[in-house]
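Me: I should like a close look at a single part of this assembly, namely its largest nonpolar core. Please set that part beside the other interior features and the contact between chains.

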There are 4 protein chains.
Amino acid sequence: MAQPQQSEGEGADKPPLRVGMVGYAFMGAAHSQGWRTAGRVFDLPRQPVLSAICGRDPDAVRAAADKHGWAAAETDWRALIARDDVDLVDICTPGDSHADIAVAALAAGKHVLCEKPLANSVEEAEKMTRAAEEAFARGQLAMVGFNYRRVPATALARNMIAEGRVGKLRHVRVAYLQDWLVDPGFPLTWRLRKEYAGSGALGDLGAHIIDLAQYLAGERLAGVSAMTETFVHERPLPAGGVKGLSAVSAGGTAPVTVDDAALFTARFASGALATFEATRYATGRKNALRIELNGDKGALAFDLERLNELSYHDGTEPGTHAGFRRILVTEPDHPYLEGWWPPGHGLGYEHSFVHQARDLVHAVAEGRRPDPSFADGLQVQRVLAAVEESAQKNSVYTPIAV
Amino acid sequence: MAQPQQSEGEGADKPPLRVGMVGYAFMGAAHSQGWRTAGRVFDLPRQPVLSAICGRDPDAVRAAADKHGWAAAETDWRALIARDDVDLVDICTPGDSHADIAVAALAAGKHVLCEKPLANSVEEAEKMTRAAEEAFARGQLAMVGFNYRRVPATALARNMIAEGRVGKLRHVRVAYLQDWLVDPGFPLTWRLRKEYAGSGALGDLGAHIIDLAQYLAGERLAGVSAMTETFVHERPLPAGGVKGLSAVSAGGTAPVTVDDAALFTARFASGALATFEATRYATGRKNALRIELNGDKGALAFDLERLNELSYHDGTEPGTHAGFRRILVTEPDHPYLEGWWPPGHGLGYEHSFVHQARDLVHAVAEGRRPDPSFADGLQVQRVLAAVEESAQKNSVYTPIAV
Amino acid sequence: MAQPQQSEGEGADKPPLRVGMVGYAFMGAAHSQGWRTAGRVFDLPRQPVLSAICGRDPDAVRAAADKHGWAAAETDWRALIARDDVDLVDICTPGDSHADIAVAALAAGKHVLCEKPLANSVEEAEKMTRAAEEAFARGQLAMVGFNYRRVPATALARNMIAEGRVGKLRHVRVAYLQDWLVDPGFPLTWRLRKEYAGSGALGDLGAHIIDLAQYLAGERLAGVSAMTETFVHERPLPAGGVKGLSAVSAGGTAPVTVDDAALFTARFASGALATFEATRYATGRKNALRIELNGDKGALAFDLERLNELSYHDGTEPGTHAGFRRILVTEPDHPYLEGWWPPGHGLGYEHSFVHQARDLVHAVAEGRRPDPSFADGLQVQRVLAAVEESAQKNSVYTPIAV
Amino acid sequence: MAQPQQSEGEGADKPPLRVGMVGYAFMGAAHSQGWRTAGRVFDLPRQPVLSAICGRDPDAVRAAADKHGWAAAETDWRALIARDDVDLVDICTPGDSHADIAVAALAAGKHVLCEKPLANSVEEAEKMTRAAEEAFARGQLAMVGFNYRRVPATALARNMIAEGRVGKLRHVRVAYLQDWLVDPGFPLTWRLRKEYAGSGALGDLGAHIIDLAQYLAGERLAGVSAMTETFVHERPLPAGGVKGLSAVSAGGTAPVTVDDAALFTARFASGALATFEATRYATGRKNALRIELNGDKGALAFDLERLNELSYHDGTEPGTHAGFRRILVTEPDHPYLEGWWPPGHGLGYEHSFVHQARDLVHAVAEGRRPDPSFADGLQVQRVLAAVEESAQKNSVYTPIAV
């Protein structure tokens, strides 16, 4: 069996944080990059070690371990969380298995990082949050992977809002637009089945923008009025089965059981108004997570398709010279930039996972609650539930449960 | 009394279309520019003549007549519509007087152009539409001034959608963002009083985007789920009275009786989903009427702050070379461009009024129903009413009356 | 004969400024719009009156007079400048006739506005400037039509530079990119013949950017190093002759005798460096006059294809929140905006001619030297000559004659 | 001594490519990231192993080895190239040492990757190129690190140009704009001393844009007309000496001996014209490497500050729907994207080094000449020399030596 990739020289200096990861598809690759790189770029209190990766297909998980640099491979997540050389379990599976793995990993004394959405239901999320609270009392941490908080531009936006640069918030408009389902021939992957994914665009994209909007606003949503839609009701079955990685059709069709798009208006606790849209049918938009916040002192805008930029309007300036400015978020004093390149040398998508790893390692080393916690993930779940309830009830305004 | 500005040379060639305008503030200035310029740029079947302008203040209306080039001035709109030298009455007053003037003008045998929103209530709009239908049978035309249909970029968008370039429509997202009310010291002008304006951002901005969205989509909204808000409830009284032109405070405050912002989600008849937002509190956004339409063949996007551009994604192209392209809508074969400048020499806001005048003159000369008609204005009024009803009923989905 | 379009009412209030225009093609239409509109939008000390227009083809000039609203038509420019009802002669012809008309008009006691470039040679420009100086002593004004100084965004840029917001200038990069000659089948219009146009892209586009760069910088060029090129050496003859308006080929070809593109680097008097490019072969660029100025305190950038915007970087701000901001140059305190629309309601290309008319009317009324004067036009001519000289001498650095 | 970071599991499958790197500052960190990541993202024929890193300061190089994951540290580059566990020497030092190290490494039988510019003089570059040619005959490869060829968007641009989408080239305009020297208090680092850096903005930034312009154009420059300038002639000495990493002033000043900015016009072999600008004084521009190419069939534009985007105008389309489109270069069939994320999930600056490593590993495994070769680096050096010669000779047009 292969050895972990960390060099002995470094091991001598700082204690390792040994990671075991469940899942090795898209999120698995991104998280691997995060764990592998964080200690090479940032000065961390503990050095991440890629101990073991887990997946059901023995050959595929072994290949993934080799490719991504994990020392060992497991085919049963229960075996993974039982390993002595794993301090932290990183859950990168579809939502239907989050609760079981997370609760068991916490019970086994591990720290946990869980991909978003935290769960497929409020009930699961509540169970996970209770387990996280009990584990925190024992010194274990549990974090949910809303990685878009850790793009330097969004982190800067949060800082600027906390400094009062937006002032009293009036409007938030946020959308997460993709277009990979426009083709009705795109096959029915697990993301289109309720039993695996919980919901569609809502849980996948909507969860991100609900978290990001609340995080940036510094306050929570009070209620929503929603509509959801499934535009294409039947899709070809993929080769390799619904749960497989394939996006190639295999013949036969089956029903799409999740939403294709979710739209809602909302009120924040402060009275600010918001519009949300999550869709996989926005032809031409590939990964357009866009958020704009307008307050009585200023405004901020961000688009994930141009993730190194933050747009800022200082409403306190004389109108003669005022305007939205494009801050290139690559300066040495911008969040996370201390470890990277000179001004103007931008970062990419996966850097958010490097930053997530960095922050979680610090939280573990310092024993403080990570941000966002499972409780934050649960609250997002409650918003998702209110969206679904409102959509079922003719869009009636539905308060978020507290 | 002054003579109209048209030269005799031209009068010899083509019959005049003699205009009488009621109102001389912002819209009055814009419409004057439209009537004065249309025949100088386009080859029209009838030459617009600026016969008479009407306002209540004798000195102010006389000054406006001189400034904008109207031959005569009147202080009573009844006198204006009684004039023999007026063929068409152009109504540029606040919404509370639209119905009376329009119905009387039609009864007096005049053509009518009426600023949007058509009226302050569905009832008024219905009355106006009935009057328009009856007048049309007598050869008179009645048009409502949704001028944003006549920006070359939106007209091109309509053509492209009609050609099938967007395909089956899935999503429309549209917002009209301004920020002139962010300052709570901005005074209480007539636009903030229900008795004059009917509603706030909803009727002023929302009416524009409802019309434009339906016009571009080529279909009507089926229902809405809405929320509205008034952020600042009391404002200083303006010098010169609420109905005056002043935006300077005069001491004392009074309640704001209209909405500051209106947000709604909607379904189109075809099942496409839409989000709408109209607000005067979007700090940093001055006149950001933005619309994007995504269909299964392509997408279009427009922003009034860059009105010479149309953004187009051709979804039928190979992804390798596809992307939103910025069409500079200044080519000779673009709508309305035959009369203007070489490619790349852009137009401005007021050109939409020149184009409106051009199209209305053609419609009058040809005796065909203008587009948008009073019936179109009535339908927008019904959407506005549904928005208000939904907002009052806890955002419940509210079908549009047909 | 037709009467001028001005109403009697206004004539009573303010003295007229009676204009006679030579030429009625593209520039003639733009200038007509300027004269017709300036007094309707701005409060002018004298009211422009469109007295007479002149062109060689009697039918065409009569049609142009009717279309653009000129009271009379002439076919000989000598007759035009002899008219008693003409106070100001506006020269919109190709460059080969500028000197004769301007000198004669000044001799006849008229004010003069002359399109750019001022002349086809330094010698002509010198003669014109001498005539202008002598006429100024008699109270007559002579202005050259560098209208791009009068786009609100460039005027704002000039103000900001004068206020010191750019600081010590280091770099200017400026280009004027069009693409109408990419097609080798585009016919040989007068603009492609040295005997009429003097030069090609250099005199047409280069003159604009030389003037604008010096105007914004607030200083003059010291020397240039240049290369010019003619990519397509032979083009089809247009129907109607080289001097006509047609852009339709008529059979047969003839040599292109002007440059297609001109590139040069330059030094300003202060030591700042500059790059210039003027071309009609920049495929995809329609009217992209772009200028950026970088100084030790800040930077400004402008693109004529988005003429309502000015991009500004305040270099004195902390880097954390700094970035190029997009000033929407539509605020009431922006240059020329007092007469126009509310914030965010943009202007177009032809408004620069309205502003040019406004400023010239004020200068005439106040008896002050207009800006830019014929002397400014002469200086630009000297830069053009230095560019041509450098290009002929293997790009060697060539000082500008003073 | 630490072990290399590669896992044994992978070593079993594919032969290693053992790298020794000289230098550990900015470029050292970027190259480390490239070597560490390439095999985790791409399926490579040989697995890069980070064997040893070299620098003169023993503590600093040891810390760099630990941080970046290099197994061993050396303080003498001669010792590094003598190591048995090094197959390839990666030279990340200032230009004054490139020739010595590269020639010695090739003589020692190693493959070489050398940062740009290849050398500080044409003579050195010729010597290196001769050594590379001889070594290639022995099966060794030598590559120069023009990493901007390996941004997906520039690689896509090259492909599109090779496919004929730009057609006959007319214009290239290219600039590399930074602003880190605007502050005259910025200290005199090695990049500002001729003895270390060879030249200033010219060699640092100019070398990149010369290579990129020629690479994209698919042809070479024929001659240049140049001007260079040093705006600030004296700067504070940095703490730690000129050669150190510090950018903190230590008291005292010394002369800047390189150019601050270099501007030149150029002709390509085909007759296309180009403008080039390289500067560190473009206030507000952080890393704005911008290139636009216009041909008779289309145009392409790129800005390194938005490196995931390529702007493309298809000149063969009807003008009605044509415009520059923004290709988000994140599609699976875009260059280098097979290893990365789904559409719209962008890459960053350092990915170009991952791609450089990928391509060099493939070249080594296949024994084919890498692209760009030392000969390509030599040719760029000749352009740099011609620029300096022209600048010294009053900007006279200076052919590039062949």
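Reply: The account below begins with the core and then turns to a cavity and an interface. The model is a predicted one. Its largest nonpolar core holds 236 residues, and the members that touch the most others are B:Trp35, B:Phe374, C:Trp35 and C:Phe374. The element that gives the most to this core is helix H9 of chain C, residues 201–217, which supplies 11 residues. In soluble globular proteins, nonpolar side chains tend to be buried together.

The surroundings of C:Trp35 can be listed in detail. Neighbours within four places in sequence being left aside, C:Trp35 is in contact with C:Leu17, C:Val19, C:Pro48, C:Leu50, C:Trp70 and C:Leu88, and also with C:Asp90, C:Leu113, C:Ala357, C:Leu360 and C:Val361. Apart from the largest core lies another, of 235 residues, whose members include A:Leu169, A:Tyr336, A:Ala363 and D:Met160.

The interior also contains empty space. The second largest cavity encloses about 180 Å³. Its lining comprises 21 residues, and those nearest its centre are A:Asn308, D:Glu305, D:Arg306, D:Leu307 and D:Asn308. By class, that lining divides into 8 polar, 7 nonpolar and 6 charged residues.

There remains the interface of chain C with chain D. Each of the two chains brings 43 residues to the contact. About 3,500 Å² is buried between chain C and chain D, with carbon and sulfur atoms giving 58% of that area. Within chain C, the residues losing the most area to chain D are C:Arg170, C:Met227 and C:Thr283, which together make up 18% of what that side buries.

Definitions and conventions:
Residues are numbered from 1 along each chain as its sequence is written. Chains are lettered from A and ligands numbered from 1 in the order in which they are written. This is a predicted model: local features need pLDDT of at least 70, side-chain atom pairs count only at pLDDT 80 or more; totals for chains, interfaces and linings use all residues. Side-chain values use heavy atoms; hydrogens and water are left out. A nonpolar core is a set of buried Ala, Val, Leu, Ile, Met, Phe, Trp, Tyr and Cys residues joined through side-chain atoms within 4.5 Å. Buried means under 20% relative accessible area, exposed over 50%, partly exposed in between (1.4 Å probe, protein chains only). Helices (H or I, at least four residues) and strands (E, at least two) are DSSP runs, numbered from the N terminus. Contact means heavy atoms within 4.5 Å. On a 1 Å grid over the protein atoms alone, a cavity is a set of points where a 1.4 Å probe fits but cannot get out, and a pocket is an open set with protein on both sides within 12 Å along at least five of seven lines; lining residues have an atom within 4 Å of a point. Grid points are joined across faces, edges and corners, and a volume is the space filled by probe spheres set on the points. Ala, Val, Leu, Ile, Met, Phe, Trp, Tyr, Cys and Pro count as nonpolar, Asp, Glu, Lys and Arg as charged, and the others, Gly among them, as polar. Buried area is the accessible area (1.4 Å probe) that two parts lose on being put together, summed over both.
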